[in-house]
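Student: I am new to this structure and would like a close look at a single part of it. Could you walk me through one helix and its surroundings?

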Amino acid sequence: MKTTTLIVLFLSTIVAMAQDRLTANESRFYTNKIPNKEIEIKLSGKNDGGDSDLLNAKIASLSKSGGGIIHIKKGNYYLIDVVLHSNIHIKIDKDVMIEPYFDKNAKKVGNNIFEVGKEFLVENVAITNADEDNENQATWFSANFPKGDYRMKIITGCNVRNFKFSGFKITDSYTPFSCIALNLPDSGDRNEVAFQGIVKNILLINSHVGYGVIQIQAGKSILCKNLEGVGGVTMRVETGSGETGKENVLTVDDIVGRNIKIKDGDAAVNVSPHRVDQGRVDVEGIIAVNSSFAVQIAGGFKDKKETGVDNIGTFDSRSYIGDITVTGGKGAQVKSKDFIYFDCIERKEMETKCQNPDFESTPGRSIGVIRTNATLASGCKNGSDGGCYEINIGKITKTNSDFLMSSNYTYKNMGINGCDKTKVERNADCLKNPSKGKGKKHGETKAKENNKEVKKGKKNNKTL
């Protein structure tokens, strides 16, 4: 009788855990409330800023008259700081290529193609390919971020309700910033974060190791689906911005990820709370190929921002990450802090190798599946060692054994000690970091004014 009771209780616990998962039904995150009134806009394609002005005027006018759909037809266009208003859907043809416009007379390079809710509330908006919801990449529009020393996002979302961003391919050139950022609005109000939205069907190529398709600093009830990165970290749920860390007020909750892929990068998913106690994350269908890790789970910590709140952050213990499929191999973007897992001979090889074009990672081989310093098993101790938390980990499938670490979990105390610490020089034939050079042209020179910001960004994005 006692045995039967124990079995029933065990099975009930399993069922309860399964039922407690966050659901991924798209209807829970976005409802199309935009009027079905479509207008076509004729942009010039000139690299003079005029198309951004024209599109901004059309958006404001259409929104004021009740909203509708703005259709951008085939062509190459240069855009910057396009501000969305409520009840607007921008549909973009598959034969459209968008690049950032750099104003040579501007004091500072703009860093958004599209801006949504930074200064005021925006509701019921979408930026999608014309063949909306089609998962075939041939139907998606394209964006290109050319080589240069600047920081750029295709979309910044802040105080926005009921939104959809989908259906595009981005070719980056290892520039800083994730392509989509959800962050606090200019007001800094924690009650005005992105709420109920879908980000899906996006491919990013040539990503900087520290960034990726999306970074969520502030957002609630967000579905990320069918996101793929070549390089970087595809989906970052990291609350390390200076403003977010000033108060221990939850800015991230009900974040759902499905079908998140990485190839030749750092990881598919990274969660890092920094100073703030955050809510639930539920990600499954993770695929990592030839990358340092599939998943990175960082314990909370007090970053170097002097204005940060006196708190060490965590994520809700009901969070879940599972259905992880990993293939190890060469081509990973390995950060120098992860060299500790290589033996002394291979570590020296990594230290002398040429860096990747992001100048923050080195080409190497896959290290493991999950890297964490947040759990008790990893040696985490609340306090000076960080904010500790446990989240539920689901099924892990390795398709081969080409990993540095045999265990599914990589902890800092697994690093190899005793290697020669003599500083070595990288190969003299390596590319030089353009941000350290002189005589750069605009798109390189103009963004020189942002170099201090870039350095701050590197500190701000510190994770485990």
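Tutor: Here is a walk along one helix, with a short look at the whole protein and at some strands.

This is a predicted model, in which local features need pLDDT of at least 70, side-chain atom pairs count only at pLDDT 80 or more, and totals for chains, interfaces and linings use all residues. Residues are numbered from 1 along each chain as its sequence is written, and side-chain values use heavy atoms, with hydrogens and water left out.

The protein has four helices and 27 strands; these are DSSP runs numbered from the N terminus, with helices being H or I of at least four residues and strands E of at least two. Of its 464 residues, 55% are buried, where buried means under 20% relative accessible area, exposed over 50% and partly exposed in between, with a 1.4 Å probe and protein chains only.

Now to our helix, α2, which covers residues 50–64. Its 15 residues reach 21 Å from the first C-alpha to the last, close to the 21 Å expected at 1.5 Å a residue; the expected span is 1.5 Å times one less than the number of residues. Which residues of α2 are buried? They are Asp51, Ser52, Leu55, Ile59, Leu62 and Ser63. Seen down the axis of α2, these buried residues fall within an arc of 105°, so they line one face of the helix. That arc is taken from the directions from the helix axis to the C-beta atoms. The face turned away from the buried side carries the exposed residues Asp53 and Lys64.

What covers the buried residues of α2? The cover includes β1 (38–41), β2 (68–72), β3 (75–79), β4 (82–83), β5 (88–92) and β7, with contact meaning heavy atoms within 4.5 Å. After the helix comes Gly66, whose phi is positive, near 115°.

One of those covering strands, β7, leads us onward. β7 (residues 112–116) runs parallel to β10, joined by four bridges; two strands pair if DSSP finds at least two bridges between them. Within this pairing, Glu115 has Thr156 of β10 as its bridge partner. β10 is also joined to β12 (residues 180–182) by three bridges, again in parallel, and there Thr156 is partnered with Ala181. All five of the five residues of β10 (residues 153–157) are buried, so this strand is largely enclosed by the rest of the structure.
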